[in-house]
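Visitor: I've got a protein model open on my screen and could use a tour. Can we go through it piece by piece?

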Amino acid sequence: MEKFNIQEYLDSGVIEMYVLDQLSDAEREEVEKLAAQYPEIREEIAEVEEAMGTYHTLEGLTPPDHILSNIMAATAPGEVATAPITVTTLPKRTLSILWPMAAAVVGLALAAWMYIGKQSVQQELATLKKTTEDLRSNQQALGNKLQAAQKALDELDDVCCAEKLTVNAADQPIAAVYWDKKVRLAHLKLLKLANPGKNKQYQLWAFVKGKPVSVGVVDWEALQKGLITFEFQNKPEAFAISLEPYGGSLSPTDVKGASGKVVNQG
């Protein structure tokens, strides 16, 4: 008859399964019979039960913030402690269970640290990308404004010899008209005029022999880019701007402002 190998039985994991209540009734009965026969098995059961009790006690504790650094220091090879440490000797079965738990804690902590770091980097990259896009958009808008300003300056150079008339509303300048009598052109420049909306348009008028004559309706979008020019063959005495239904009116209905008298009518 083959001799019963106690050590091999202890290393098989049956005792742990017994303590964890993972055996069938027949298997539990067999373990209990062997424990009654062999003191080594009884001692092993007691050690495993003690280890499990230690684990549950540890599981209910909230680890301090420095748990990761302590675990890493404890597991680092060749590390020498520089401060007195109180060591509690645990049963060998406790250690065999707790070391895998410690490794798992270290792994989870490192994974969490890497995940948080990755999320932080991605958030910073997204913020940087948005900032770059905003700067690029602002740069483009400034570029458009500079082009419009340059165009307006160029146009003003062309009408440098024209007479400038300021259109005022309640003593506040809202527009300027540059009248060039040589080529019979009126150049209009925006100063302070609000957007008329979709269903309205500003209309430029010239007074001829005391009566308003339409010079033309104002293209608001074109006006934002600089001067807009109207051809006018009559001799204007003054200019005025009114707000009219889209497409203009035969006579001004809502006058916003008027200029002084034209000196050089032509």
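Visitor: In which sense do E4 and strand E7 pair, and over how many bridges?

Guide: Before we start, keep in mind that this is a predicted model. Strand E4 covers residues 200-208, and strand E7 covers residues 238-245. One bridge to look for is the one between Gln201 and its partner in E7, Glu244. The two strands pair in the antiparallel sense, over eight bridges.

Visitor: How many bridges join E4 to strand E5?

Guide: Strand E5 is residues 211-217, and E4 and E5 run antiparallel. You can spot Leu204 standing opposite Gly216 in E5. The number of bridges joining E4 to E5 is six.

Visitor: Which residue in the turn between E4 and E5 has a positive phi?

Guide: E4 and E5 form a hairpin, with two residues between them. Look in that turn for a phi of about 55°. The residue is Lys209.

Visitor: How many of the nine residues of E4 are buried?

Guide: Buried here means under 20% relative accessible area. By that cut-off E4 is mostly covered. The count of buried residues in E4 is seven of nine.

Visitor: Which residues of the largest nonpolar core touch the most other members?

Guide: That core has 24 residues. The elements giving two or more residues to this core are strands E1, E2, E3, E4, E6 and E7, plus helix H7. A second, separate core of 14 residues includes Tyr9, Ile15, Leu23 and Ile45. Back in the largest core, the residues that touch the most other members are Leu188, Phe239 and Ile241.

Visitor: Which residues of E4 does Ile241 touch?

Guide: Ile241 has a list of contacts that leaves out residues up to four places away in sequence. Among them are Val167, Ala175, Leu188 and Val255. To pick out E4, check which contacts fall in residues 200-208. Those are Tyr202, Gln203 and Leu204.

Visitor: Which residue in E6 does Leu188 stand opposite?

Guide: E3 and E6 run antiparallel, with four bridges joining them. Leu188 belongs to that pairing, as E3 spans 185-190. Its opposite number in E6 is Ile228.

Visitor: Along E6, which side chains point to one face and are buried?

Guide: In a regular strand the side chains alternate between the two faces of the sheet. E6 shows this alternation, with Thr229 and Glu231 pointing to one face and not buried. Pointing to the other face, and buried, are Ile228 and Phe230.

Visitor: Why do Val31, Leu34 and Ala35 of H3 lie on the same side?

Guide: Helix H3 has 13 residues and reaches 19 Å from its first C-alpha to its last, close to the expected 18 Å. Val31, Leu34 and Ala35 are buried. On the other side, Asp25, Ala26, Lys33, Ala36 and Gln37 are exposed. The buried three are on the same side of H3 because they cover an arc of only 105° around the axis.

Visitor: Is Asp219 buried, partly exposed or exposed?

Guide: Asp219 is found in the loop between E5 and H7. Its C-alpha is 9.2 Å from that of Gln203, 16 residues apart along the chain. The relative accessibility of Asp219 is 43%, and the middle class lies between 20% and 50%. So Asp219 counts as partly exposed.

Visitor: What share of the chain's residues count as buried?

Guide: The chain has seven helices and eight strands, and 266 residues. Its accessible surface comes to about 18300 Å². The share of residues that count as buried is 28%.

Key. Residues are numbered from 1 along each chain as its sequence is written. This is a predicted model: local features need pLDDT of at least 70, side-chain atom pairs count only at pLDDT 80 or more; totals for chains, interfaces and linings use all residues. Side-chain values use heavy atoms; hydrogens and water are left out. The expected span of a helix is 1.5 Å times one less than its number of residues. Buried means under 20% relative accessible area, exposed over 50%, partly exposed in between (1.4 Å probe, protein chains only). The arc is that of the directions from the helix axis to the C-beta atoms. Two strands pair if DSSP finds at least two bridges between them. Accessible areas come from the Shrake-Rupley method with a 1.4 Å probe; for residues, only the protein chains shown count as cover. A nonpolar core is a set of buried Ala, Val, Leu, Ile, Met, Phe, Trp, Tyr and Cys residues joined through side-chain atoms within 4.5 Å. Contact means heavy atoms within 4.5 Å.
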